[in-house]
Amino acid sequence: NCLDKLMLIEMNYNLDNLNPYDFEKLVQALSRKVIGNGSITFGDGTDGGREATFKGISSLYPSMKDNWNGYWVVQAKFKTAKTSDFDWVKNELTKELDKYGTRKIKVQKPDHYLLFTNCKLSAKPVTGSRDKMTLLEREYEEKYKIKNIRVISFDDINDYLNLNRDVAISFAPFVLAGDILYKLLKVLEIEDKRNARINEVLNRFLGVEFKE
């Protein structure tokens with residue numbers, strides 16, 4: 001139907017319409033989809049640098065063939081400052097990983113650390129910020145003795161939202177452009193009217209059958 005067709009269209013999402021709190025909620029929802037339903041999410045307040053955690057083998061990340069096993073930490077970092085995206089993420093990543101050795105209350109160091117951010121990393125080979133971030137991830141894995149460190153940037157999140165459209169719909173008022181959202185609401189309105197008409201016809205049919 002129309003709704004199914006609309007849901008198959010690849011969309012671009014505007015994560016900057018979110019705020020840090022809503023971005024955290026989006027990341028928590030995606031972590032269940034990306035890693036697995038066993039993810040534990042944390043509410044407001046001091047969380048020890050964790051939006052979500054997971055223990056065990058993920059059948060989904062990084063792929064269905066390559067399954068990471070161990071203790072996972074998921075963190076969200078929402079950039080509002082007008083600075084270089086790469087420099088900002090590098091600074092935030094360093095600060096958060098440094099805390100594992102300086103926190104007064106010991107927090108378990110993860111085997112796998114995923115940092116979600118609304119920052120954009122350029123795709124230019126070698127000199128682009130995506131390749132530079134990949135090199136930094138490998139450097140920090142060695143420095144902090146963590147098996148895997150991944151920065152999940154804007155483009156990654158955009159892909160995950162297209163693959164997990166139920167999450168995208170939940171955050172549609174924030175992440176979809178106004179014209180796309182309007183079309184989506186119109187389609188939903190048509191679907192509601194269509195379902196109401198079907199119910200009306202079925203009720204009339206059943207009423208006639210009952211009288212006979």
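The legends below describe close-up views of a predicted model. In this model, local features need pLDDT of at least 70 and side-chain atom pairs count only at pLDDT 80 or more, whereas totals for chains, interfaces and linings use all residues. Residues are numbered from 1 along each chain as its sequence is written, and side-chain values use heavy atoms, with hydrogens and water left out.

**View A. Surroundings of T53 in strand 2 (residues 52-62).** Strands are DSSP runs of E with at least two residues, and helices are runs of H or I with at least four, both numbered from the N terminus. T53 has 7% relative accessibility and therefore counts as buried (under 20% relative accessible area; exposed is over 50% and partly exposed in between, with a 1.4 Å probe and protein chains only). Beyond its neighbours within four places in sequence, T53 is in contact (heavy atoms within 4.5 Å) with G38, S39, I40, F42, Y71, W72 and V73.

**View B. The salt bridge between D85 and K79.** The closest N and O atoms of this pair are 3.1 Å apart, a salt bridge being a side-chain nitrogen of Lys or Arg within 4 Å of a carboxyl oxygen of Asp or Glu. D85 is partly exposed at 21% relative accessibility, while K79 is buried, with a relative accessible area of 13%.

**View C. The salt-bridge network that includes E137 and R138.** The side chains of E137 and R138 meet at 3.4 Å, N to O, and a network of salt bridges links these two residues with R130, E141, R150 and D156. E137 is buried at 2% relative accessibility, whereas R138, at 33%, is partly exposed.
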